[in-house]
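Biologist: I would like a close look at one part of this model, the surroundings of the ligand. Please then place that part within the rest of the chain.

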Amino acid sequence: MPTDARLDMRKFVRPALRSVRSYDPGPSVADLAAQYGVDGLHKLNWNEDLFGLLPGVGEAVNLELSRAALYPEQSYSDFRRLVAEWAGTDASSIVPAHGIQALVLAVASVFLEPGSKVVLPAPTYGLYRQACAAAGAEVVDVPTRGYRLDLEAMAEAARGATMVFVCDPNNPTGDALSPDSWSRFLDALPDSCVAIADEAYADYMAPEDRPDRMADVRAGRPVVVLRTFSKLFGLAGLRLGYAVMHPDLASCFDAVQEPFNVNRLALAAGTACLADPGAVEARRREVAAARDQLEKSLLELAIPSWPSQANFVLAEPGGDDAAWYEGLIRRGFLVRPGSEFGLPGHLRITVGPGELMTRLASAMAEVRDELAGRSRPQEPPRPG
Ligand SMILES: Cc1ncc(COP(=O)(O)O)c(C=O)c1O
């Protein structure tokens with residue numbers, strides 16, 4: 001097809017969309033394994049759960065399958081009530097969705113108009129930029145300071161802004177905000193600006209260490225909290241999340257989301273996850289112990305890493321992160337090279353069970369030695 005025909009088609013598209021780069025998930029695991037000639041790959045690149053389903057989830061999903069022919073109940077009232085109780089808020093504040101990704105797009109469509117200003121930390125989760133750019137918003141980046149969100153600079157940059165995204169703990173740094181720093185930030189935000197707090201990884205923190213954003217919502221502060229079942233609860237493939245917000249905003253979200261946006265199996269699985277708070281807490285501790293183990297191994301390998309509150313660790317082996325990425329793939333581990341999010345020389349590594357982390361540490365030691373050997377100056381050729 002001539003290129004001109006494609007250009008003609010794009011003139012029908014909203015101007016803001018024409019220059020937006022869509023998300024590129026990269027090659028599949030099967031393609032990568034074939035390309036590098038390995039049998040399989042441990043996926044440590046997307047911060048998925050690697051610890052297995054929580055008790056009762058498999059059974060609940062199997063049971064719900066017999067109702068697959070029916071649309072999910074539109075208002076999700078049982079799920080809203082259950083999640084509200086779990087989160088410590090009112091059911092009227094809960095907006096279910098098929099994951100935070102869907103909610104990020106909904107947030108953009110509820111709050112943004114072409115030309116609206118949005119403040120983002122840099123680096124942070126990449127979808128915020130895509131969603132805001134697609135809505136025609138102007139994005140202002142505020143660089144992190146030594147991997148910490150620079151909340152003062154973000155509040156300053158928020159003058160005249162409609163929205164600010166705060167990812168807490170932040171992806172890809174794993175850094176979390178203290179309750180005090182969050183409160184000061186909210187106080188410093190201009191009246192025009194709503195704060196979107198992405199708590200995808202907050203479940204990995206002890207509740208007492210996290211800012212109480214449910215209290216902010218109850219107090220009528222301009223805060224929308226995004227949560228997911230994809231991380232600690234291990235349901236990334238089923239797609240389930242929810243937002244917590246002032247009830248007056250909830251109906252606006254209902255207007256921009258599809259009426260039957262969450263599927264029955266996801267609802268059944270999410271409900272089963274929340275049935276046993278003891279199992280959730282045990283899982284949180286298990287992941288934290290494996291994360292500590294990985295951080296300790298990195299220290300022993302003399303590879304700096306930033307203390308993480310999430311299910312991943314940002315390591316800085318230095319040098320060429322693409323070479324590290326390839327070296328680890330050849331040894332069966334798929335990690336995320338930092339260059340993809342503006343941090344060359346870094347790797348973002350998802351935390352898995354302890355035994356897997358032990359094998360990863362051995363693979364990293366091998367790659368380190370291999371790359372050190374490769375970068376040693378070559379011996380000059382012997383004469384004759
Ligand atoms: C900060 C952050 N928010 C949201 C998501 C995606 O969440 P969900 O699976 O609920 O769409 C991710 C996935 O990696 C993430 O890192």
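Which of the 14 residues around the ligand come nearest?

Modeller: The residues that come nearest are Gly99, Gln101, Ala200, Thr228 and Ser230, out of 14 around the ligand. A residue is near the ligand if its C-beta atom, placed from the backbone, lies within 6 Å of it. By residue type, the shell holds six nonpolar, seven polar and one charged. Here Ala, Val, Leu, Ile, Met, Phe, Trp, Tyr, Cys and Pro count as nonpolar, Asp, Glu, Lys and Arg as charged, and the others, Gly among them, as polar.

Two points on reading this. The model is predicted: local features need pLDDT of at least 70 and side-chain atom pairs count only at pLDDT 80 or more, while totals for chains, interfaces and linings use all residues. Residues are numbered from 1 along each chain as its sequence is written.

Now the chain as a whole. It has 15 helices and 13 strands, where helices (H or I, at least four residues) and strands (E, at least two) are DSSP runs numbered from the N terminus. The radius of gyration is 22 Å, close to the 21 Å from the globule rule for 384 residues, so the chain is as compact as a globular protein of that length. That radius is taken over C-alpha atoms, and the rule is 2.2 Å times the number of residues to the power 0.38. Along the principal axes, the C-alpha atoms fill a box of roughly 85 × 55 × 50 Å. Of the 384 residues, 41% are buried; buried means 20 or more other C-beta atoms within 10 Å of the residue's own, exposed means 12 or fewer, and partly exposed is in between, with C-beta atoms placed from the backbone.

The chain is divided into domain 1 (3-51 + 278-373) and domain 2 (57-275), with bounds from an automatic or database domain assignment. Their C-alpha centres lie 23 Å apart. Each side gives to the contact: 25 residues from domain 1 and 25 residues from domain 2, a contact being two C-beta atoms, placed from the backbone, within 7 Å. On the side of domain 1 that touches domain 2, helix H2 (15-18), helix H13 (277-300) and strand S10 (312-315) each supply at least two residues. H13 gives the largest share of that side, five residues. By type, that side of domain 1 has 15 nonpolar, five polar and five charged residues.

Helix H9 (residues 179-188) has Trp182, Phe185 and Leu186 buried. They are on the same side of H9, because they cover an arc of only 100 degrees around the axis; the arc is that of the directions from the helix axis to the C-beta atoms. Asp180 and Asp187 are exposed, on the face of H9 turned away from its buried side. The buried residues of H9 pack against helix H8 (151-157), strand S6 (194-198) and helix H10 (213-218).

The loop between strand S5 (163-167) and H9 contains Pro169 and also Pro172. A cis peptide bond joins Asp168 and Pro169, with omega about -5 degrees. The bond from Asn171 to Pro172 is also cis, with omega near 20 degrees.

Helix H12 (residues 264-273) is largely enclosed by the rest of the structure, because eight of its ten residues are buried. Among them are Leu265, Leu267 and Cys273. H4 and H5 are included in what covers the buried residues of H12.

The loop between helix H4 (57-64) and helix H5 (77-87) holds Tyr76. Tyr76 is not a glycine, yet has a positive phi of about 50 degrees. It is buried, with 20 other C-beta atoms within 10 Å. Arg239 likewise is not a glycine and has a positive phi, about 65 degrees. It lies in the loop between strand S7 (223-228) and strand S8 (241-244), and it counts as buried with 20 C-beta neighbours inside 10 Å.

Finally, Ile329 lies in helix H14 (residues 321-330). It counts as buried, with 21 C-beta neighbours inside 10 Å. Leaving out residues up to four places away in sequence, Ile329 touches Leu32, Tyr36, Val38, Leu41 and Leu334. From Tyr76, Ile329 is 253 residues away in sequence and 42 Å away in space, C-alpha to C-alpha.
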